[in-house]
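Student: I have not seen this structure before. Could we go through it by question and answer?

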Amino acid sequence: MAGGKRRALGQHFLRDPDTARRIVDLVAPTSADLVVEIGPGHGALTGELERRARRVIALEIDRELAARVRERFAGVEVIEADARRWDYGALERPPGGRVLVVGNLPYSVSKPIILALLEARHAIDEMALMLQREVADRLAAPPGSKTYGSLSILTQLYCDVRVGVRVPPGAFRPPPKVDSAVVHLRVLPAPRVPLGDEGRFHAVVRAAFAQRRKMLANGLSGGLGVPVERVRDAAGAAGVDPTRRAETLTIQEFAELAARL
Ligand code: SAM
């Protein structure tokens, strides 16, 4: 296969069965569960999933790889599809079982895939996703840390997040240039904090982090197009010091602030 295509599709294949087992163990599929695998590639995770789950659907964008996985794992439903745009929301929970999503994601498109999965959270119970280590750390980052941002807030609003397994480049062929880590996401039954208007909450978070170096009042005023006085009043009413920076606010504080803007 041409190197360019391999690079574009993030085709670094896991070659360590022990790591594959540890990834699958994070969600521990049972014979009642439905698993969606994203990007099966050469099938490093697929066999383990097929052995343990009731049903496995594998989404693979590369036609040749999809055909090979289909041939090798007769019990797996292989769909040639783009995991950024697949309709996860239409998945139905098997009786008494869970819907799990597992995958060693193509790193160049991991963010849109994560956003699509979070959008479809109502149809998903748990996920184990291999990501570039920085992205995994960002999803789990607490307020006040350098990597805390809108993706951390969105993920933690809807899921319990834990960085499970760290994986060095040597576990893949060809080895990627970056370190990898697997995050375990458990979807919460309701958002972590009550939100009046979810759209407004997301707009406030986006605006605050668009200018993360600025003081909150100035960043939000510019980003939302509202007078700085109004932002200061809202922050005061929410008990948030308007001179703080976005990266220090908890999800709860963003919710309090959004409710008053
Ligand atoms: N799961 C395998 C493993 O661990 O060895 C392969 C992982 S490899 C990092 C990423 C896989 O995702 C490749 O098989 C690639 O062809 C596939 N892929 C890339 N972009 C995709 C997309 N948008 N939708 C579905 N699959 C994609």
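**A walk through the model**

Tutor: A polar contact of 2.8 Å links the side chain of Asp82 to that of Arg84. Keep in mind throughout that the model is predicted.

Student: Is Asp82 buried or exposed?
Tutor: Asp82 sits in the loop between β4 and β5 (99-104). Its relative accessibility is 19%, and the cut-off for buried is under 20%. Asp82 therefore counts as buried.

Student: Which strands form the open sheet, and in what order?
Tutor: The open sheet has 7 strands, and its pairing is mixed. The edge strands are β4 and β7 (159-167), each of which pairs on one side only. On average, neighbouring strands of this sheet are turned by 20° against each other, direction ignored. The order is β4-β3-β2-β5-β6-β9-β7.

Student: In which sense do β3 and β4 pair?
Tutor: Strand β3 covers residues 55-60 and strand β4 residues 76-80, and 5 bridges join them. Glu60 stands opposite Glu80 in β4. The sense of the pairing between β3 and β4 is parallel.

Student: What is the handedness of the crossover from β3 to β4?
Tutor: From β3 the chain passes through helix α4 (residues 63-72) and then reaches β4. This is a β-α-β crossover, and its hand is right-handed.

Student: Which residue of β3 is the bridge partner of Glu37?
Tutor: Strands β2 and β3 run parallel and are joined by 5 bridges. In β3, the partner of Glu37 is Ala58.

Student: How many bridges join β7 to β9?
Tutor: Strand β9 also pairs with strand β6 (residues 126-132), by 7 antiparallel bridges; there, Met127 has Leu185 of β9 as its bridge partner. With β7 the sense is antiparallel as well, and Val163 stands opposite Val183 in β9. The number of bridges between β7 and β9 is 8.

Student: Why is β9 described as largely enclosed by the rest of the structure?
Tutor: A residue is called buried when its relative accessible area is under 20%. Strand β9 is described as largely enclosed because the number of its 8 residues that are buried is 7.

Student: Which residues are the closest to the ligand?
Tutor: The ligand is surrounded by 23 residues. The closest of them are Gln11, Leu14, Gly39, Glu60 and Ala83.

Student: How far is a backbone N or O atom of Gly39 from a nitrogen atom of the ligand?
Tutor: Polar backbone atoms of other residues also lie within reach of the ligand's polar atoms. That of Gly41 is 3.3 Å from an oxygen atom of the ligand, and that of Ile61 is 3.4 Å from a nitrogen atom of the ligand. For Gly39, the distance to a nitrogen atom of the ligand is 2.8 Å.

Student: What share of the ligand's accessible area does the protein cover?
Tutor: On its own, the ligand has 590 Å² of accessible area. The share covered by the protein is 98%.

Student: What is the phi of Ala28?
Tutor: Most residues other than glycine have a negative phi. Ala28 has a positive value; this residue lies in the loop between α2 (17-27) and β2 (34-38). At 34% relative accessibility, Ala28 counts as partly exposed. Its phi is near 40°.

Student: Which two residues does a cis peptide bond join?
Tutor: Most peptide bonds are trans. The cis bond has an omega of about -15°, and one of its residues, Pro174, lies in the loop between β8 (172-173) and β9 (180-187). The two residues joined are Arg173 and Pro174.

Student: How far apart in space are Ser110 and Gln132?
Tutor: Ser110 belongs to helix α5 (residues 110-119). With a relative accessible area of 3%, Ser110 is buried. Along the sequence, Ser110 and Gln132 are 22 residues apart. From C-alpha to C-alpha, their separation in space is 8.6 Å.

Student: What distance separates the C-alpha atoms of Leu65 and His184?
Tutor: Leu65 is placed in helix α4 and counts as buried at 1% relative accessibility. Leu65 and His184 are 119 residues apart along the chain. The distance between their C-alpha atoms is 26 Å.

Definitions and conventions. Residues are numbered from 1 along each chain as its sequence is written. This is a predicted model: local features need pLDDT of at least 70, side-chain atom pairs count only at pLDDT 80 or more; totals for chains, interfaces and linings use all residues. Side-chain values use heavy atoms; hydrogens and water are left out. Helices (H or I, at least four residues) and strands (E, at least two) are DSSP runs, numbered from the N terminus. Buried means under 20% relative accessible area, exposed over 50%, partly exposed in between (1.4 Å probe, protein chains only). Two strands pair if DSSP finds at least two bridges between them. A crossover is right-handed if, with the strands pointing away from the viewer, the path from the first strand over the helix to the second runs clockwise. A residue is near a molecule or strand if one of its heavy atoms lies within 4 Å of it. A polar contact is a pair of N or O atoms within 3.5 Å; within protein, one must be able to donate a hydrogen and the other to accept it, and residues adjacent in sequence count only if both atoms are side-chain atoms. Accessible areas come from the Shrake-Rupley method with a 1.4 Å probe; for residues, only the protein chains shown count as cover. Axes are lines fitted to C-alpha atoms, for helices over the stretch in contact, and angles run from 0 to 180 degrees between N-to-C directions.
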